[in-house]
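Please look through the structure shown below and keep it at hand while you read. The paragraphs that follow take up one region after another.

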Amino acid sequence: MCIRLLTFLLNTGCKMPLIGLGTWKSEPGKVKQGVIWALEAGYRHIDCAPIYGNEAEIGEALQEKLGTKKSLRREDVLSLDFVQFCTCC
């Protein structure tokens, strides 16, 4: 089963997939497999952030699935990483 890839054209010329896998509150030890399954299903947008605390597992999944001799290249996947800003000052 594969999802249909709908994209939004950014002002940089890059295409951002409109549907992505959210990894916030993902259970530790299960994030890597979830990312792998999402990529295999056709997801090309992975949402992550340092505050989620699961970037290592996401990185492991991306290393496993992306590469020159693998079915996906790094250019095929958008990994969206959020930076937390302090607004208290």
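Which residues line the largest pocket? In this model, which is predicted rather than determined by experiment, the lining is made up of Leu5, Thr7, Leu10, Cys14, Lys15, Met16, Pro17, Arg44, Glu75, Asp76, Val77 and Leu78. The volume of the largest pocket is about 150 Å³, and its lining residues can be sorted into 7 nonpolar, 1 polar and 4 charged. The element that gives the most to this lining is strand β2, residues 15-17, which supplies 3 residues. As for how such a space is found at all, rolling a probe the size of a water molecule over the atoms shows where empty space is left.

To place the pocket in the whole chain, it helps to have the order of the elements in mind. The chain holds 2 helices and 5 strands, and read from the N terminus on, these elements follow the pattern β-β-β-α-β-α-β. Of the 89 residues in the chain, 26% count as buried. Among the contacts with a separation of 6 or more, 63% are made by residues that stand 24 or more positions apart.

One of the lining residues, Leu78, can serve as a guide from the pocket into the sheet. Leucine 78 belongs to strand β5, which covers residues 78-81. Is leucine 78 buried or partly exposed? Its relative accessibility is 24%, and because buried means under 20%, leucine 78 counts as partly exposed. When neighbours within four places in sequence are set aside, leucine 78 is in contact with Met16, Pro17, Arg44, His45 and Ile46, and of these Met16, Pro17 and Arg44 also appear in the pocket lining. Leucine 78 and arginine 44 are 34 residues apart in sequence, yet their C-alpha atoms are 6.0 Å apart in space.

Strand β5 then leads to its partners. An open sheet is formed by 3 strands in the order β3-β4-β5, and the pairing is parallel. The edge strands, each of which pairs on one side only, are β3 (21-22) and β5. Between strand β4, residues 45-48, and β5 there are 4 bridges in the parallel sense, and one example is aspartate 47, whose bridge partner in β5 is leucine 80. On the other side, β3 and β4 pair in the parallel sense over 2 bridges, and here leucine 21 has isoleucine 46 as its bridge partner in β4.

In which directions do the residues of β4 point? His45 and Asp47 point one way, whereas Ile46 and Cys48 point the other way, and all of them are buried. This fits a general pattern, since in a regular strand the side chains alternate between the two faces of the sheet.

Ile46 and Cys48 also belong to the largest nonpolar core, which has 12 residues in all and includes Val31, Leu39, Leu62 and Val77 as well. Two or more residues of this core come from each of α1 (31-41), β4 and α2 (55-65), and the largest share, 4 residues, is given by α1. Within the core, leucine 62 touches Leu39 and Val77, when residues up to four places away in sequence are not counted. In soluble globular proteins, nonpolar side chains tend to be buried together.

The loop between β3 and α1 deserves a separate look. Lysine 25 lies in this loop, and with a relative accessibility of 68% it counts as exposed. Its phi is near 65°, a positive value in a residue other than glycine, and this can be set against a general rule. Most residues other than glycine have a negative phi. Serine 26 lies in the loop between β3 and α1 too, but at 27% relative accessibility serine 26 counts as partly exposed. Leaving out residues up to four places away in sequence, serine 26 touches Val31 and Asn54, and although serine 26 and asparagine 54 are 28 residues apart in sequence, the distance from C-alpha to C-alpha is 7.9 Å.

A last stop is phenylalanine 8, which sits in strand β1, residues 7-9. Phenylalanine 8 is partly exposed, with a relative accessible area of 47%. Beyond its neighbours up to four places away in sequence, phenylalanine 8 touches Cys14, Lys15, Met16 and Leu18, and among these Cys14, Lys15 and Met16 are lining residues of the largest pocket, where this walk began.

Key
Residues are numbered from 1 along each chain as its sequence is written. This is a predicted model: local features need pLDDT of at least 70, side-chain atom pairs count only at pLDDT 80 or more; totals for chains, interfaces and linings use all residues. Side-chain values use heavy atoms; hydrogens and water are left out. Buried means under 20% relative accessible area, exposed over 50%, partly exposed in between (1.4 Å probe, protein chains only). Contact means heavy atoms within 4.5 Å. On a 1 Å grid over the protein atoms alone, a cavity is a set of points where a 1.4 Å probe fits but cannot get out, and a pocket is an open set with protein on both sides within 12 Å along at least five of seven lines; lining residues have an atom within 4 Å of a point. Grid points are joined across faces, edges and corners, and a volume is the space filled by probe spheres set on the points. Ala, Val, Leu, Ile, Met, Phe, Trp, Tyr, Cys and Pro count as nonpolar, Asp, Glu, Lys and Arg as charged, and the others, Gly among them, as polar. Two strands pair if DSSP finds at least two bridges between them. A nonpolar core is a set of buried Ala, Val, Leu, Ile, Met, Phe, Trp, Tyr and Cys residues joined through side-chain atoms within 4.5 Å.
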